[in-house]
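Work through the exercises below with the sequence and the coordinates side by side. Each task is followed by a solution that goes step by step.

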Amino acid sequence: EENVGQYNGLGVSVVREPVHVDGYDYEAFRVISVFKDSPAASGGIKDGDYIYAETFREHKENCRKAGL
């Protein structure tokens, strides 16, 4: 099946998955597929990549600084 028409956004299909990093559980989005000629494809996003908020890294760094 082929997607036809105009779309807004990154141009990816994703699923929400739990991710465990450094003893903490987070929610992230795993890329299932990247649409051909989409902004995501132009940016180098590939199937299987994870998308998560920048706060994920900030939280990890803050925990490290706090000795957690």
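**Exercise 1: charged pairs**

Arg30 and Glu17 are joined by a salt bridge in which the closest N and O atoms lie 2.7 Å apart, a salt bridge being a side-chain nitrogen of Lys or Arg within 4 Å of a carboxyl oxygen of Asp or Glu. The model is a predicted one, in which local features need pLDDT of at least 70 and side-chain atom pairs count only at pLDDT 80 or more, whereas totals for chains, interfaces and linings use all residues. Residues are numbered from 1 along each chain as its sequence is written, and side-chain values use heavy atoms, with hydrogens and water left out.

Task: place this pair in the chain, classify the accessibility of its two residues, and then find how many salt bridges the rule gives.

Solution. Start with the location: Arg30 belongs to strand β2 and Glu17 to strand β1, so that the pair links distant parts of the chain, 13 residues apart; helices (H or I, at least four residues) and strands (E, at least two) are DSSP runs, numbered from the N terminus. Next comes accessibility, where buried means under 20% relative accessible area, exposed over 50%, and partly exposed in between (1.4 Å probe, protein chains only). Because its relative accessibility is 26%, Arg30 counts as partly exposed, while Glu17, with a relative accessible area of 18%, is buried. The count by this rule then comes to two salt bridges. In the other, the side chains of Arg16 and Glu27 meet at 3.3 Å, N to O. This pair too links distant parts of the chain, with Arg16 in strand β1 (residues 12–21) and Glu27 in strand β2 (residues 24–34), eleven residues apart. Arg16 counts as exposed because its relative accessibility is 59%, and Glu27 counts as partly exposed because its value is 46%.

**Exercise 2: the surroundings of Glu17**

Task: which residues does Glu17 touch, not counting those up to four places away in sequence?

Solution. Taking contact to mean heavy atoms within 4.5 Å, Glu17 touches Tyr26, Glu27, Ala28, Arg30 and Tyr50. The list includes Arg30, its salt-bridge partner.

**Exercise 3: the sheet**

Task: in what order do the three strands form the sheet, and which are the edge strands?

Solution. Two strands pair if DSSP finds at least two bridges between them. Ten bridges join β1 to β2, which run antiparallel, and two bridges join β2 to β3, also antiparallel. The three strands therefore form an open sheet in the order β1-β2-β3, with β1 and β3 (50–51) as the edge strands, each pairing on one side only. To check individual positions, note that Val12 has Val34 in β2 as its bridge partner, and that Phe29 stands opposite Ile51 in β3. Finally, β1 and β2 form a hairpin with two residues between them, and Asp22 in the turn has a positive phi of about 50°.

**Exercise 4: Ser13**

Task: is Ser13 buried, exposed or partly exposed, and which residues is Ser13 in contact with beyond four places in sequence?

Solution. Ser13 lies in strand β1, and a relative accessible area of 27% makes this residue partly exposed. Leaving aside neighbours within four places in sequence, Ser13 is in contact with Arg30, Val31, Ile32, Ser33 and Phe35. As a distance check, the C-alpha atoms of Ser13 and Val34 are separated by 6.5 Å, although the two residues are 21 residues apart along the chain.
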